[in-house]
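Please walk me through this structure, taking a few places in turn and explaining what surrounds each of them.

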Amino acid sequence: MLPSVSILLLTFQGEKYLKETLPAIAAQNYNGRVEILAIDSGSTDQSVNLLHCYGANVFVISQSEFGHGKTRNLAVKKASGEIVVFLSQDACPVGTCWLQKAVSVLENQDVGAAFARQLPRPNATPLERFFHDTMYGPKSRLVSPLRRGKTNRPFTREEIFFSNVCSMARRDVCLRFPFNESIVMSEDQFFARDLLCHGLGIAYAAQVKVLHSHSYDLKTLFQRNFDSGASITHLTQSEPWRDLRKAAQFVGKEVRYLYKRKNWRTLLLLPFYEVTRFSALFLGAQHKRLPRRWLRKLSQHHHFWTEN
């Protein structure tokens, strides 16, 4: 008998995407029990009505109550499925066997959690396409704590890379290792590190696919990377020189990718894009030295800095 599944959605003003995401969920060929559970942060569009139309259990909170870790922990507590699948409101499952494939990844008891491949939408920018091609390739992989042998080295950022845009885990695992509620974002990577430190593997399941990408303007790009920098500062113990080398290699690959495809306009914009991104990451990493009023302006989640 197939395990029961709770598909967990965190929604806010998601009408545009839910019109695509919910029918894709409804079309899944899965013979086990499935529930859709949504935590909505006070949407004023048709998000809640759409969710009810597809039989979802909807719980409404205020925007000030939302937190990436906090709200996901709430969703897990309210879920009834043996397996929980986290899905962003703007991530559309690909194919009718998406859920079956997601659940099957967890048949391996050594896997604590897994995350899916993200495919760029047709209107994705060249930089978004490069990011997805680089970070979400066609080959699945398993990061196992056993591969470290008897060494005590910390996990690298590559090893703990994880995304809750579309991820799956056994509910009991999520209850044992709840998401970190003290950080503004990157709760998924802290979760992956916790599992690895306690002997559970992290799988990247390339066969489980969702459509998901964003075209950020520079302001939103800055705010997201500021929040990321504020969150991941203490995530790993990697040396600064190693991070700089990785960053330089990433930008070099970006340039070659764009040059090969003759994306001249994007190449001209790339310096502004990367200066925005890296300055935001740097400022985020220094957030403890900044006035609280600055944090609320620089962050995409200003409510977080009011409460914390």
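In which strand is the place of Val34? The model discussed here is a predicted one, and in it Val34 belongs to strand E2, which covers residues 34-40. Along the chain, Val34 and Val5 are 29 residues apart, yet their C-alpha atoms are separated by 4.8 Å. Leaving aside residues up to four places away in sequence, Val34 touches Val5, Ile7 and Leu99. Despite these contacts, Val34 counts as partly exposed, because its relative accessibility is 36%, a value that falls between the 20% under which a residue is called buried and the 50% over which a residue is called exposed.

Backbone geometry is the next topic. Most residues other than glycine have a negative phi. Against that background, Gln13 has a phi near 50°, which is a positive value in a residue other than glycine. Gln13 is placed in the loop between strand E1 (5-11) and helix H1 (15-26), and with a relative accessible area of 34% Gln13 is partly exposed. A positive phi also occurs at Lys262, where the value is near 55° and the residue is again not glycine. Lys262 is found in the loop between helix H9 (240-260) and H10, and because its relative accessibility is 56%, Lys262 counts as exposed.

From that loop one can turn to Pro126, whose place is in helix H5, residues 126-135. Pro126 and Leu258 are 132 residues apart in sequence, but C-alpha to C-alpha they are 7.4 Å apart in space. If residues up to four places away in sequence are not counted, Pro126 touches Tyr257, Leu258, Asn263 and Thr266. One of these contacts, Tyr257, has a charged neighbour, since Arg261 lies over the face of Tyr257 at 3.7 Å from the ring centre. Pro126 itself counts as partly exposed, because its relative accessibility is 22% and the limit for a buried residue is under 20%.

Helix H5 also takes part in a pocket. The second largest pocket holds about 270 Å³ of space, and of the 15 residues that line it, the closest to its centre are Thr125, Leu127, Tyr216, Leu269 and Tyr273. H5 and helix H10 (264-285) each supply at least two residues of this lining, and H10 gives the most, with six residues. By class, the lining of the second largest pocket has eight nonpolar, four polar and three charged residues.

Enclosed space is a separate matter. Rolling a probe the size of a water molecule over the atoms shows where empty space is left. The structure holds one cavity of 30 Å³ or more, and about 40 Å³ of space lies in the largest cavity. Its lining is made by Phe115, Arg141, Val143, Glu158, Glu159, Phe161, Ile202, Ala203 and Tyr204. The elements that give two or more residues to this lining are strand E7 (141-143) and strand E9 (201-211), and the largest share, three residues, comes from E9. In terms of class, the residues around the largest cavity divide into six nonpolar, no polar and three charged.

Among the residues lining the largest cavity are Phe115, Phe161 and Tyr204, and these also belong to one aromatic cluster, formed by Phe86, Phe115, Phe131, Tyr136, Phe161, Phe162, Phe179, Phe191 and Tyr204. Across the whole structure, a search finds 14 aromatic pairs. One of them is formed by Phe304 and Trp305, an edge-to-face pair with 5.0 Å centre to centre and 85° between the planes; the pair earns that name because planes over 60 degrees apart count as edge-to-face. Phe304 is buried, because its relative accessible area is 13%, and Trp305 is buried as well, with a relative accessible area of 6%.

A ring may also have a charged group over it, as was described for Arg261 and Tyr257. Elsewhere, the charged end of Lys78 sits over the ring of Phe59, 4.5 Å from its centre.

Notes:
Residues are numbered from 1 along each chain as its sequence is written. This is a predicted model: local features need pLDDT of at least 70, side-chain atom pairs count only at pLDDT 80 or more; totals for chains, interfaces and linings use all residues. Side-chain values use heavy atoms; hydrogens and water are left out. On a 1 Å grid over the protein atoms alone, a cavity is a set of points where a 1.4 Å probe fits but cannot get out, and a pocket is an open set with protein on both sides within 12 Å along at least five of seven lines; lining residues have an atom within 4 Å of a point. Grid points are joined across faces, edges and corners, and a volume is the space filled by probe spheres set on the points. Helices (H or I, at least four residues) and strands (E, at least two) are DSSP runs, numbered from the N terminus. Ala, Val, Leu, Ile, Met, Phe, Trp, Tyr, Cys and Pro count as nonpolar, Asp, Glu, Lys and Arg as charged, and the others, Gly among them, as polar. Rings of Phe, Tyr and Trp (its six-membered ring) pair if their centres lie within 6.5 Å; planes under 30 degrees apart count as stacked, over 60 as edge-to-face and the rest as tilted. Buried means under 20% relative accessible area, exposed over 50%, partly exposed in between (1.4 Å probe, protein chains only). A charge sits over a ring if NZ of Lys or CZ of Arg is within 6 Å of the ring centre and within 35 degrees of the ring normal. Contact means heavy atoms within 4.5 Å.
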